[in-house]
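Open the structure in your viewer and keep the selection tool at hand. The stops below are meant to be taken in order.

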Amino acid sequence: MANLRDLSSVACIVGVDESDEMGTLPHKSQLSLHVEAVTNAVRDAGLNMSEVDGVFTAGQHSPATIGEALGITPRYVDGTTVGGCSFIIMVGHAVAALHHGLCDVAVISHGESGRSQVGVSPRRDTAIPGQYEAPYGFGPAPTMFGLITTRHMHRYGTTLEQWAQVAVSTRKWAALNPKALRREPITVQDVLKARPVVYPFTVLNICLVTDAGGAVVLTRPDRAKDTAKRPVYVRGFGEGTEHVSLTQMKDLTFSEATRISGDKAFRMAGVGPNDLSHIMLYDAFTSGPPIMLESLGLAKRGEGVHFFADGRSTPGGSLPINTNGGGLSYTHTGMYGIFPIIEATRQLRGECGARQVPNVRTSLVNGMGGMLSAAGTLVLSSEA
Amino acid sequence: MEIDRPLPNPMTPEAKPYWDGLREGKLMLPKCRACGHVFWYPRVACPKCHTRDIGWIQSTGRGTLHAFEIGYQSFNRAFKVPTPYVLAMVELAEGPRMLSNLVNIEPDPKKITCDMPVEVVFSKLTDDVTLPLFQPVR
């Protein structure tokens, strides 16, 4: 009988980094962003590229393309692509592969020219969106996530001011992160009065669109003894998918994929909500993190926004959330999921300077793919 | 008249009764002959009992506005409906939810509420394509 607990802390994150630059990078191809991020993360781990034998990536490149670009011949590859959380899910896949000896050093790579579109070619099955969405003006994420948001407002009385608090809290963290793209302080009124894009969202409720890469290196604890930095243990992981088309989501105000992924991660880690000292959530929209907190069982239904409005989530608060400045203010390439893993690792290592949360022992990373369609959750810890 | 929306592309074989029905002013929904489940979107196996015996029923065209957004810009060059416009998720009386636009209403968040009753109106784009839009029940 398989036991989830057997996979707890059997592998650890030993290297993380972004691409050399982040932001608007018309002079860099998408593939270059991958290569920069991986070489930086492998250096952060104190390993040589020749030791990497597992390659994981999502999006437009196959892991074979990444292996080739890096000049390595991996013996384990994974290209699971279920949206922006794919990289979070891949941490779990990498842990399982490492545990069973399918590879010894795994790298998860993300590179996306989301703003400049250098070397980008969209290719997807259009049967559902082409027939049932596009004729009405539906398309990019803001035209979808707003539906989730207005339903939540109708059901729970959530307000535009409360969503705006998420942007304000996240910007406070961004102000402390030199790598964040938007660092000037904002107020709730700034968010409400910003350019309307799709009601209920103004532009300040919606993530940035940037070019960047990010990578995460994992290995087993025995192999981590001679790596450069203190290892960060993957105590729990989980994944799930519910739908792709929003019409197929059972309850627009609750993500079943998120619940499934979180439940599995918590059970594997043997921790509960009270054990967390730091949280990273996928903030493509201001309404995302509160609904994720509710779906994870960390907040009562309809009350996720309270974490942001009452100061718990902000610098100095009791449960800091999105300390890198998030997709809203730090960076968001399109598939953001690698970046919250990088930030959680840095917080657990104590490398975060002005934004360092004191005494971080256990960090939760949760992300969505699509419109809360897929989800991945990690419980990361400085101790096994 | 200029076509102001992206035409459905592709129109899949499993959705043919839907598109055929719209041309005749009927909103047709797939219904499983084995378990009776009425579902959206058309597919070759019932998403509930997974048998492949799929029939079709005509919807009353009545439902409620489950969720909405107001678009202040177009996100597709082929979508030329004047802004602002209302993006809608409708829950049909038969159960399924579909995406559409809410029309014949002021695109003002104060005038639109979730769960308001709506009904289908048919909008002919070409000889092949008619779309189901929705308006408030008067």
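The tour begins with the sheet of chain A and then moves to the contact with chain B.

This is a predicted model, in which local features need pLDDT of at least 70 and side-chain atom pairs count only at pLDDT 80 or more, while totals for chains, interfaces and linings use all residues. Residues are numbered from 1 along each chain as its sequence is written, with chains lettered from A and ligands numbered from 1 in the order in which they are written.

Select the strands of chain A (strands are DSSP runs of E, at least two residues, and helices runs of H or I, at least four, numbered from the N terminus). Nine of them form an open sheet with mixed pairing, in the order β3-β2-β4-β7-β1-β8-β11-β10-β9; strands pair if DSSP finds at least two bridges between them. At its edges are β3 (76-78) and β9 (278-281) of chain A, each with a single partner strand, so one side of each has no neighbour in the sheet.

Next, select residues 232-241 and 374-381 of chain A: these are β8 and β11, antiparallel and joined by 8 bridges. Here A:Glu239 stands opposite A:Gly376.

Now show both chains. The contact (C-beta atoms, placed from the backbone, within 7 Å) takes 28 residues from chain A and 36 residues from chain B. On the chain A side, α5(A) gives the most, with 6 residues.

Finally, select β5(A) and residues 62-71 of chain B, which form strand β3(B); the two strands pair in the antiparallel sense over 2 bridges. A:Val198 stands opposite B:Gly71 there.

Technical notes: Contact = placed C-beta atoms within 7 Å.
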